[in-house]
Amino acid sequence: MDTAFLITAFVTLFVIIDPIGMTPLFVALTQGMSTARRRAIAIRACVTSALLLILFAALGEAVLGFIGISMPAFRIAGGLLLFLTALDMLFERRGQRRKGQADAAEEDDSDDPSIFPIAIPLISGPGSIATVILLAGQKPGAEGLLWVIGVMLSVIALVFVMFLTSGLLERALGKVGINVVTRLLGMLLAALAVQFVLDGLRGFGLAG
């Protein structure tokens, strides 16, 4: 397996899912809960999102083929979507939108936010779903799929660890530190998004 592909896949999923930026929301959604309760919510959220992303990684390209969408076209569309996500991160719109989703969920159900909004759409949202489909399409076959799933599960495992230590991380980084990290990740994601678009154009024979 190409080491460069594994590094790119990990970095892309890490930036899209953004465990660091998500931890303050997890703290807010589980405020006042016991450690055991927080752990149970973190487990449910991570398992649910992992199963959903595995499903899209395995069947996403087949579904696209069934409805007549080529993989290069999806790469371009996915790259544009990732670029918009990067802009949101750079200008702080992403955190505000996620907080709005979290606040809406609190109004509907304050007892268990594990499925909504933590698993869907905060972890397995449109960006992460598009990313696993794109990555699986870059390495066709069972071996490539297993590597993509393995990388995705490693990122989800990091999310779980960050959730368990969310209080400590929030105190260590502070609001300013989290904002700085989010902007740096946004710059990296913008470059990766452009690369996805170039790969799609190359698939159509429009780029060298």
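**A walk through an all-helix chain**

Start by selecting Gly 127, Ser 128, Ile 129, Ala 130, Thr 131, Val 132, Ile 133, Leu 134, Leu 135, Ala 136 and Gly 137: in helix H7 these residues are buried. Buried here means under 20% relative accessible area, exposed means over 50%, and partly exposed is in between, with a 1.4 Å probe and protein chains only. Because 11 of the 13 residues of H7 are buried, this helix is largely enclosed by the rest of the structure.

Before you move on, a word on what you have open: it is a predicted model, in which local features need pLDDT of at least 70, side-chain atom pairs count only at pLDDT 80 or more, and totals for chains, interfaces and linings use all residues. Residues are numbered from 1 along each chain as its sequence is written, and side-chain values use heavy atoms, leaving out hydrogens and water.

Now put a distance on H7, residues 126-138: its end C-alpha atoms are 18 Å apart, which agrees with the 18 Å expected at 1.5 Å a residue. That expected span is 1.5 Å times one less than the number of residues.

Zoom out and colour by secondary structure. You should find 9 helices and 0 strands; helices (H or I, at least four residues) and strands (E, at least two) are DSSP runs, numbered from the N terminus. Of the 208 residues in the chain, 44% count as buried. Among contacts (heavy atoms within 4.5 Å) between residues at least 6 apart in sequence, 86% join residues at least 24 apart.

Next, select the stretches that UniProt lists as "transmembrane region" in an unreviewed entry: 6-29, 41-67, 73-91, 115-138, 144-164 and 176-198. UniProt positions are in the numbering used here, feature names are shortened, and annotations may be inferred rather than shown by experiment. Residues 73-91 are 95% helix, with end C-alpha atoms 27 Å apart. Residues 144-164 are 100% helix, and there the end C-alpha atoms lie 30 Å apart.

For the surface, pick Leu 55, Phe 56, Leu 59, Val 63, Phe 66, Ile 67 and Ile 69. They form a nonpolar patch with about 690 Å² of accessible area together. Patches take residues with over 30% relative accessible area and no salt bridge, joining like charges within 9 Å and nonpolar side chains (Val, Leu, Ile, Met, Phe, Trp, Tyr) within 5 Å. Areas come from the Shrake-Rupley method with a 1.4 Å probe, and for residues only the protein chains shown count as cover. Phe 56 sits in helix H3, residues 35-66, and counts as partly exposed at 31% relative accessibility.

Which side chain meets Arg 44 in a salt bridge? Show Asp 112: the N to O distance is 3.2 Å. The rule asks for a side-chain nitrogen of Lys or Arg within 4 Å of a carboxyl oxygen of Asp or Glu. This pair links distant parts of the chain, 68 residues apart, with Arg 44 in helix H3 and Asp 112 in the loop between helix H5 (93-108) and helix H6 (114-123). Then try Arg 202 and Asp 199, which form a salt bridge at 2.8 Å, N to O. Both lie in helix H9 (residues 166-203), 3 residues apart, about one turn of the helix.

Finish with the backbone. Most residues other than glycine have a negative phi, and most peptide bonds are trans. Asp 18 has a positive phi, near 55°, and is found in the loop between helix H1 (3-17) and helix H2 (19-29). Asp 18 is also buried, at 3% relative accessibility. Last stop: Phe 116 and Pro 117, joined by a cis peptide bond with omega about 10°; Pro 117 is in helix H6.
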